[in-house]
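Here are some exercises to work through with the model open beside you. Try each task before reading its solution.

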Amino acid sequence: MTHASPGGTAQPVVAGGPIARARGLVKTYGSGDTAVRALDGVDVDFGRGELTAIMGPSGSGKSTLMHCMAGLDRPTEGSAEVDGDDVSRMSERRLTKLRRTRLGFVFQAYNLVPTLTAGENITLPLDIARQPVDRDFFDTVVDAVRLRDRLHHKPSELSGGQQQRVACARALMSRPAVVFADEPTGNLDSESSAEVLGFLRRSVDDLGQSVVMVTHEPTAAAYAHRVLFLADGRLVGELVDPTPATVLEALGSMSGLPPEGLDGSGDPGRPARHQAP
Ligand SMILES: Nc1ncnc2c1ncn2[C@@H]1O[C@H](COP(=O)(O)OP(=O)(O)OP(=O)(O)O)[C@@H](O)[C@H]1O
C-alpha cells in the first residue's frame, strides 16, 4: 500500500521503512546554455522488500535516477540514501566497497565473463571480494533462476535469457540491500523476458530482496509492486499493483495531460496517483 503525501513525496508504507530514498535530488549535466537538468528535484522512497519499476519517456531521467541512487553518478543537489547510507556524499573508496558488497546490478548487456562457467560467474563477485559462498543460498538462487542443469556451461553456450538469469543470480549472491536493474529485458524475447522478470519478482516475494528496475515495457513494469513515472526529471505519478493495461492507461493519460500538473492540481511537483482497479 502506498500513498502520495501532500508534499509530493511518494512513500510506500512498509515494515522497516524504505530501503532507499531520494530527497531533493537534482542532477545537472553540463553548464551554461547547454546545461541539462536531468533530475529536477526528486523526492521518492523505495520500498523494502518490493520490486519498484521506474518508467517514463526517453530522456526523462530514469537512468540518471537509478545511477544516482546506486552511487554510479553524483547528484548536483540533494541526497540519495541506500539502507541508511548517504551515497551522494560518500568517498569513492567507500562507494566502491558499497557497490561491491551492498548493491547488486543487472544491466541490459549481461556482462558475463566469457571464459568462466555460469556457476563461476554467479560466485565471481564474492570470489573477488574474498567472501565465502553460502552454498545453501547458492542452491536456492540457482534453483530460483532454474539454471541447475546449465551451471557448467560457458555464456556462449547459453541463450540470452539464460545469460541474463546468470546475471540476476550473480547480483543476488551477496544478498545486497538493493538490486538495481537497468532495462534487464531490453535484449530479450518475450518468453525470456518473462523468465527473467518472474525471477526478479520471486527474488522479492520469496527471498525478501528489494529491487529497483528501469523499464520501457508496460508488461515488464506490471511485474512490479509499484511503478514510478518520471517526466522531465520529475516524479509525476505512481501506480500500485500494476497490470499491463493500467500501466498503458497511466502512460497514455500522462502524455495527454497539461503541463501544469498531471493530477490536475496545478502543482507540477505533486505526483498523480493511478490506482489499479
Ligand atoms: N553524461 C551525460 N551528459 C550529458 N547529458 C546527459 C548525460 N547523461 C544523461 N544526460 C541527459 O540527461 C537527460 C536524462 O537522461 P537519462 O539517460 O537519465 O534518461 P532516460 O529516461 O534513462 O532515457 P532513456 O529511456 O532514453 O534511456 C537526457 O536529456 C540526457 O540526454
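## Exercise 1: Two loop residues and a strand residue

Task: Place Asn111 in the secondary structure, then decide whether this residue is buried, partly exposed or exposed.

Solution. Asn111 sits in the loop between strand S8 (103-106) and helix H3 (118-128). Helices (H or I, at least four residues) and strands (E, at least two) are DSSP runs, numbered from the N terminus. This is a predicted model, in which local features need pLDDT of at least 70, side-chain atom pairs count only at pLDDT 80 or more, and totals for chains, interfaces and linings use all residues. Residues are numbered from 1 along each chain as its sequence is written.

Next, the burial rule: a residue is buried if 20 or more other C-beta atoms lie within 10 Å of its own, exposed if 12 or fewer, and partly exposed in between, with C-beta atoms placed from the backbone. Asn111 is partly exposed because 13 other C-beta atoms lie within 10 Å.

For a distance check, take the C-alpha atoms of Asn111 and Ser174: they are separated by 17 Å, with the two positions 63 residues apart along the chain counted as their separation.

Task: Apply the burial rule to Glu183 and say where this residue lies.

Solution. Glu183 is in the loop between strand S9 (178-182) and helix H6 (190-205). Glu183 has 20 C-beta neighbours inside 10 Å, so this residue counts as buried. Its backbone is worth a look too: phi of Glu183 is near 50°, a positive value in a residue other than glycine.

Task: Repeat this for Val82, and list what Val82 touches.

Solution. Val82 lies in strand S6 (residues 77-82). Val82 is buried, because 26 other C-beta atoms lie within 10 Å. Two residues are in contact if their C-beta atoms, placed from the backbone, lie within 7 Å. Not counting residues up to four places away in sequence, Val82 touches Ala20, Met69, Val87, Arg102, Leu103, Ala177 and Val178.

## Exercise 2: The partners of S6

Task: Which strands pair with S6, and in what sense?

Solution. Two strands pair if DSSP finds at least two bridges between them. Strand S3 (residues 20-29) is joined to S6 by five bridges, and the two run antiparallel. Here Val26 stands opposite Glu77 in S6. S6 also pairs with strand S7 (residues 85-86), in the antiparallel sense over two bridges. Glu81 has Asp86 in S7 as its bridge partner.

Now look at the turn. S6 and S7 form a hairpin with two residues between them, and Asp83 in the turn has a positive phi of about 50°. With 17 C-beta neighbours inside 10 Å, Asp83 counts as partly exposed.

## Exercise 3: The ligand shell and H1

Task: Which residues surround the ligand, and which element gives the most to the shell?

Solution. A residue is near a molecule if its C-beta atom, placed from the backbone, lies within 6 Å of it. The ligand is surrounded by Tyr29, Gly30, Val36, Ala38, Gly56, Ser58, Gly59, Ser60, Gly61, Lys62, Ser63 and Thr64. Strand S4 (36-46) and helix H1 (62-69) each supply at least two of the shell residues, and H1 gives the most, with three.

Seven of the eight residues of H1 are buried, so this helix is largely enclosed by the rest of the structure. Among them are Lys62 and Thr64. Just after H1, Gly71 takes a positive phi of about 70°.

## Exercise 4: Core and confidence

Task: Find the residues with the most contacts inside the largest nonpolar core.

Solution. A nonpolar core is a set of buried Ala, Val, Leu, Ile, Met, Phe, Trp, Tyr and Cys residues joined through C-beta atoms within 7 Å. The largest has 70 residues, and Met69, Cys168, Ala169, Phe180 and Leu200 have the most contacts inside it. Helix H5 (residues 160-172) gives the most to this core, with six residues.

Task: Where does pLDDT fall below 50?

Solution. pLDDT is the predictor's confidence in each residue, from 0 to 100. The mean for the protein chain is 86, and 86% of its residues reach 70 or more. Over residues 1-9 the pLDDT is below 50, and it stays under 50 over residues 257-277. Where pLDDT is low, the predicted coordinates should not be read in detail.
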